[in-house]
Structures are given as C-alpha cells and as structure tokens.
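Notebook open, model loaded. I want to go through the helices and the loops that join them, and jot down what I look up.

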Amino acid sequence: MSYPDFYATLAAAFQSEGRILEAGNLYRSLIQVDPQDGRYWLGYAIALEHNKKLNQAIEAYNRASQSPETDPTVLDYAEKRLKVLQG
C-alpha cells in the first residue's frame, strides 16, 4: 500500500466491473492506511452492502459521512444510502 492512489483507482475499477469482493478487500486495506479518507469508507460500504452485510455497511457509510474533509459527492451518496438502509 505504498501507493494508495493507485490502489484506490484499482478498487474503483474493480467495483465498476462488478468485482465487488476484490474491491472491498482493497478498500478495507486502504482504510488501514488512511482511516480518515471518506472515499475509502464509501467504497468499503458499497462492497459490504452488495454482500448483504447491512449493519457493517451502515457503520461504514456513517464513517464516510463523518470523515473530515469528505468530498461533497461522497457525503451526499453516503447520506442517501444511510436513509435507505435505516428506513
């Protein structure tokens, strides 16, 4: 994980290709590198939701929406998913 931007791009590519398990594994590793990055939490949350791990996905969406300096698009998406999952 010496090049987190590379791995974040790779994880996003995996996710867009439907390779959700691989994307989720990369995002989980990226969170270990930088637990404050909301993008990593969002990617991880999407993978968890896809794998029907809804309670964990809710926690990850919360972390994405509460991360400092979270990009507004990440924040918006995370908050929308939280509303859907929490009812």
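I start with a working rule: contact means heavy atoms within 4.5 Å. Helices here are DSSP runs of H or I with at least four residues, strands are E runs of at least two, and both are numbered from the N terminus. This is a predicted model, so I keep in mind that local features need pLDDT of at least 70, side-chain atom pairs count only at pLDDT 80 or more, and totals for chains, interfaces and linings use all residues. Residues are numbered from 1 along each chain as its sequence is written, and side-chain values use heavy atoms, with hydrogens and water left out.

**Entry: helix 5**

I looked up the length of helix 5 before anything else. Its 15 residues, at 1.5 Å a residue, should span 21 Å, and the end C-alpha atoms are 21 Å apart, so the two agree. The expected span is 1.5 Å times one less than the number of residues.

Which residues of helix 5 are buried? I find V74, A78, R81 and L82. They sit on the same side of helix 5, because they cover an arc of only 105° around the axis. That arc is taken from the directions from the helix axis to the C-beta atoms. My cut-offs: buried is under 20% relative accessible area, exposed is over 50%, and partly exposed is in between, with a 1.4 Å probe and protein chains only. An α-helix has 3.6 residues a turn, so residues three or four places apart point the same way.

The cover over the buried residues of helix 5 includes helix 3 (38-50) and helix 4. Turned away from the buried side, I see a face with the exposed residues P72, T73, K83 and V84. After helix 5 comes G87, with a positive phi near 80°.

**Entry: the loop between helix 4 and helix 5**

I went through four residues of this loop, beginning with S67. S67 has a relative accessible area of 9%, so I log S67 as buried. A polar atom of the S67 side chain lies 3.4 Å from the backbone oxygen of Q36. Not counting residues up to four places away in sequence, S67 touches Q36, D37, G38 and W41.

E69 is in this loop too. Its phi is near 60°, a positive value in a residue other than glycine. At 81% relative accessibility, I put E69 down as exposed.

Is T70, also in the loop, buried or exposed? Buried, at 16% relative accessibility. The T70 side chain reaches the backbone oxygen of A64 at 3.2 Å. With neighbours within four places in sequence left aside, T70 is in contact with G38, A64 and L75.

D71 is found between helix 4 (54-66) and helix 5 (72-86). I note D71 as partly exposed, at 37% relative accessibility. The side chains of D71 and T73 are joined by a polar contact of 2.3 Å. By polar contact I mean a pair of N or O atoms within 3.5 Å; within protein, one must be able to donate a hydrogen and the other to accept it, and residues adjacent in sequence count only if both atoms are side-chain atoms. I also checked D71 against R81: they are ten residues apart in sequence and 16 Å apart in space, C-alpha to C-alpha.

**Entry: helix 3**

Helix 3 got the same treatment. At 1.5 Å a residue its 13 residues should span 18 Å, and its end C-alpha atoms are 18 Å apart, which agrees. Helix 3 is mostly covered, with ten of its 13 residues buried. Among the buried ones I list G38, Y40, W41 and L42. What do the buried residues of helix 3 pack against? Helix 1 (4-16), helix 2, helix 4 and helix 5.

Just after helix 3, I stopped at K52, in the loop between helix 3 and helix 4. Its phi is near 65°, positive in a residue other than glycine. K52 is exposed, with a relative accessible area of 68%.

**Entry: helix 2 against helix 3**

Last lookup. The axes of helix 2 (residues 20-33) and helix 3 come within 8 Å and cross at roughly 145°. Axes are lines fitted to C-alpha atoms, for helices over the stretch in contact, and angles run from 0 to 180 degrees between N-to-C directions. On the helix 2 side the meeting residues include I20, G24 and Y27, and on the helix 3 side they include R39, Y40 and W41.
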